[in-house]
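Please look over the sequence and the structure below. The paragraphs after them go through the chain part by part.

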Amino acid sequence: MAKVGIIGWGVVGQATGKGFQSSHEVAWHDPYKEGGLSVEELVEASDFLFVCVPTPMFSDYSGTDISVVEEAVSNFAPLLVNTEKVLIIKSTVIPGTTKSFSEKYSNVNFAFNPEFLTEKQPENDFLHPDRTLIGALDKSIAERIKALYEAIYPQDAKYFLSDPTTVELAKFASNALLSAKIILANEIHGLADKLKVNYDDVREMVQADPRIGGHLKVPGPDGDMGFGGKCLHPETKVYVNGGIKFVREVEFGDSVLTIDGSCQKVLERHEREVNEKLIFIRGQGLQGFTLTSEHPVYAVKTGRKYNGIKRQKLTNYNGNLNLEWVPARELQKGDFIVLPKVKNGTKNFNNSVMRLFGYYVAEGHIGVKNRITFGFHKNESTYVEDIEKILKLNFSLVTHRRGVGNALNLRCSSQKLANLLEENCGKMSAKKRLSVKILSSNRKGLTEFMKGYFRGDGSKSTGVYSMATISQDLFYQLKLILLSLEIGFSTRIAQERTGRDGVNHKTAYFIRIRNYSDIQKFSQIIDDKLEKDLKLLRKTSFFEKDFFFIPIKEITEVDYEGKVYNFEVSKNHTYVLADAVVHNCFPKDLVGFLGLARALQVDLSVFESIWNKNLKVRKNRDWEKIPGAVSQKRTE
């Protein structure tokens with residue numbers, strides 16, 4: 001049994017570490033994730049250290065940025081001088097990189113051992129490779145690495161041992177040739193269309209030739225031409241600046257909520273037809289969303305399970321909250337999905353006016369001749385008094401009270417106030433909707449809004465706070481405000497129905513605050529005293545590290561035929577669904593291959609034309625959306 005260290009605990013690092021765990025001791029280090037060892041601890045705990053960090057392509061498509069690999073090597077190599085330990089580069093790097101490291105750190109054992117993993121099934125790909133390539137200047141080092149794999153691979157596994165530069169080029173060449181094959185298949189597909197013949201029949205005949213093989217499907221598994229691609233079901237909801245939209249409604253120029261809680265512009269919108277199984281994911285206390293199986297979701301793999309028969313209960317989780325991009329099909333019940341804390345804005349209205357907006361959205365309406373009415377229970381006279389003071393102080397208005405049975409109404413007339421309320425909050429109950437100015441207010445302003453709103457449309461039962469509305473827009477906007485205030489929640493939607501008494505009940509949207517830490521925070525906002533004997537409710541969903549963590553309650557496959565959608569977003573290239581954060585993927589190896597050729601002044605015009613063709617036919621440039629996939633640096 002050997003001691004294996006993994007540097008970089010992402011998709012490649014985890015697949016490598018988990019693959020070796022069956023026969024070797026495995027530890028890991030990642031400066032961006034909790035739970036790993038320090039640099040010094042990993043060196044002490046490992047005989048073989050695998051560098052599994054990102055190598056993004058430059059944003060001008062001029063080559064591969066290996067600066068993250070260089071940083072990792074500079075941190076570890078000095079600690080490995082004159083030892084038997086081996087530093088193994090698994091990240092895709094430019095041919096000649098490992099040799100240059102060996103020259104810079106002459107008394108360190110280096111090797112190159114590339115990954116050939118697909119995003120769809122990285123762990124399975126690691127354990128069942130077509131071949132394993134090992135490049136080292138010292139053959140004995142290569143043999144030692146081979147022995148690592150022999151402990152976990154079958155006896156007939158295929159190995160190639162060579163020098164690092166040869167193996168580095170083989171890695172680049174494999175992916176470049178595959179890219180070329182895909183584009184050539186696209187060209188033949190276009191010709192088949194012109195001739196009005198079935199391309200799939202042609203493909204089946206061609207693939208029967210063992211010299212050619214597969215990977216000729218057009219469009220590809222993602223339904224798009226060229227290479228790259230992930231998408232969302234048209235009914236999936238996306239947070240935009242000001243509320244929510246179906247993904248099919250998002251347009252160029254819209255601002256969408258992104259991973260850091262800010263809103264960024266949509267640069268391009270894509271749609272395509274698919275006929276495949278999609279993945280439906282529902283977080284506990286949320287409504288759920290549907291997306292393609294490969295679509296990466298920002299999540300935490302927990303390994304938890306739901307136990308119980310009549311009422312399933314989630315097992316406790318005491319592990320680390322290591323957020324990573326996980327393909328939708330790899331998520332399971334009990335894993336965490338997240339929503340980001342929404343960034344606070346500026347003071348757009350004074351605090352008492354923000355509280356007035358809350359009162360109005362909950363219990364106010366505008367009638368004829370600009371008559372504004374607020375309706376409360378007769379026992380809620382303190383709220384009526386508060387509104388009277390706000391209207392007198394800010395608008396110099398005279399108000400009138402009227403009591404009918406248990407109702408207590410407050411009325412006033414003002415065109416100026418009516419216009420302000422309608423402009424920022426809407427008019428009819430089912431169409432109440434907050435303006436961007438309200439939603440982009442500072443923390444104190446949002447706190448005052450929630451205080452007024454809860455006093456009107458909120459309730460408390462057995463220590464749990466609840467709010468209700470019949471406005472779908474308002475429902476999602478209230479969730480945005482709670483995310484801004486770092487208060488977790490659960491939700492429920494009661495569909496429109498006709499009761500036994502024949503009365504029609506419109507679709508109603510409910511928000512509950514039920515975890516104890518959230519109850520504590522919310523009680524301070526609404527000036528409510530908690531009962532001393534309040535039972536501490538289980539902490540199933542919670543805020544931590546600027547994210548709201550929600551356990552997955554349901555995940556299923558659904559058959560779907562129709563359009564799916566995606567779009568490109570500026571700056572951090574992510575976007576937030578109603579219940580999760582997502583992004584896509586990219587084709588960087590061909591770009592690195594071409595960058596190398598340009599640097600060496602080698603004519604690869606055929607491959608250049610293949611890349612340019614891909615840019616032309618590819619509707620969805622997924623690689624431009626992933627944080628870290630594209631480097632803003634330029635080659636010299």
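Leaving aside neighbours within four places in sequence, Leu-397 is in contact with Leu-391, Lys-392, Cys-412, Ser-413, Ser-414 and Leu-417. The model is a predicted one. Leu-397 sits in the loop that runs between helix 10 (381–395) and strand 21. Is Leu-397 buried or exposed? Its relative accessibility is 16%, and the cut-off for buried is under 20%, so Leu-397 counts as buried. One of its contacts, Cys-412, is 15 residues away in sequence, and the C-alpha atoms of the two are 7.2 Å apart in space. Cys-412 has a relative accessibility of 3% and therefore counts as buried as well.

Cysteines raise the matter of disulfides. Cys-52 is another buried cysteine, with a relative accessible area of 8%. The count of disulfides in the model comes to 0.

The whole chain gives the setting for these details. The protein chain holds 17 helices and 33 strands. Of its 636 residues, 52% are buried. Among contacts with a separation of 6 or more, 71% are between residues 24 or more positions apart.

Strand 21, which follows the loop of Leu-397, belongs to an open sheet of 4 strands. The strand order in this sheet is 19-20-22-21, and the pairing is antiparallel. Which strands stand at the edges? They are strand 19 (364–366) and strand 21 (400–404); each has a single partner strand, so one side of each is left without a neighbour in the sheet. On average, neighbouring strands of this sheet are turned by 25 degrees against each other, direction ignored. Helix 9 (residues 351–363) packs on the sheet and touches strand 19 and strand 20. The direction of helix 9 makes about 80 degrees with that of strand 20. Strand 19 and strand 20 (residues 371–377) run antiparallel and are joined by 3 bridges. At Gly-364, the bridge partner in strand 20 is Phe-374.

Parallel pairing appears around strand 5 (residues 86–89). Strand 3 (residues 48–51) pairs with strand 5 in the parallel sense over 4 bridges, and Val-51 stands opposite Ile-89 in strand 5. Strand 5 also pairs in the parallel sense with strand 6 (residues 109–112), again over 4 bridges. In that pair, Ile-88 stands opposite Ala-111 of strand 6. In a regular strand, side chains alternate between the two faces of the sheet. In strand 5, Val-86 and Ile-88 point one way, while Leu-87 and Ile-89 point the other way. All four of these residues are buried.

Helix 11 (residues 415–425) contains Asn-424. With a relative accessibility of 2%, Asn-424 counts as buried. What does the side chain of Asn-424 join in a polar contact of 2.7 Å? The partner is the side chain of Ser-435. Not counting residues up to four places away in sequence, Asn-424 touches Phe-349, Phe-357, Arg-433, Leu-434, Ser-435, Lys-437 and Ile-438. Phe-357, named in that list, falls within the residue range of helix 9.

Further along the chain comes helix 14 (residues 472–484), with 13 residues. From its first C-alpha to its last, helix 14 reaches 19 Å, close to the 18 Å expected at 1.5 Å a residue. Why can helix 14 be called largely enclosed by the rest of the structure? The reason is that 11 of its 13 residues are buried. The buried residues run from Leu-474 to Ser-484 and include Phe-475, Tyr-476, Gln-477 and Lys-479. Just after helix 14, Glu-486 takes a positive phi of about 60 degrees.

Positive phi values are also found at a later turn of the chain, in the loop between strand 29 (542–544) and strand 30 (547–569). Lys-545 is found in this loop, and its phi is near 55 degrees, a positive value in a residue other than glycine. Asp-546 lies in the loop too. Although Asp-546 is not a glycine, its phi is positive, about 70 degrees. Lys-545 has 36% relative accessibility and counts as partly exposed. Asp-546, at 46% relative accessibility, likewise counts as partly exposed.

Methods
Residues numbered from 1 in each chain as written. Heavy atoms only, no water. Helix = DSSP H or I, 4+ residues; strand = E, 2+ residues; numbered from the N terminus. Expected span 1.5 Å × (residues − 1). Buried < 20%, exposed > 50% of the residue type's maximum accessible area, 1.4 Å probe, protein only. Polar contact = N/O pair within 3.5 Å; in protein donor to acceptor, adjacent residues only side chain to side chain. Contact = heavy atoms within 4.5 Å. Disulfide = S-S within 2.5 Å. Pairing = 2+ DSSP bridges. Axes fitted to C-alpha atoms, helices over the stretch in contact; angles between N-to-C directions.
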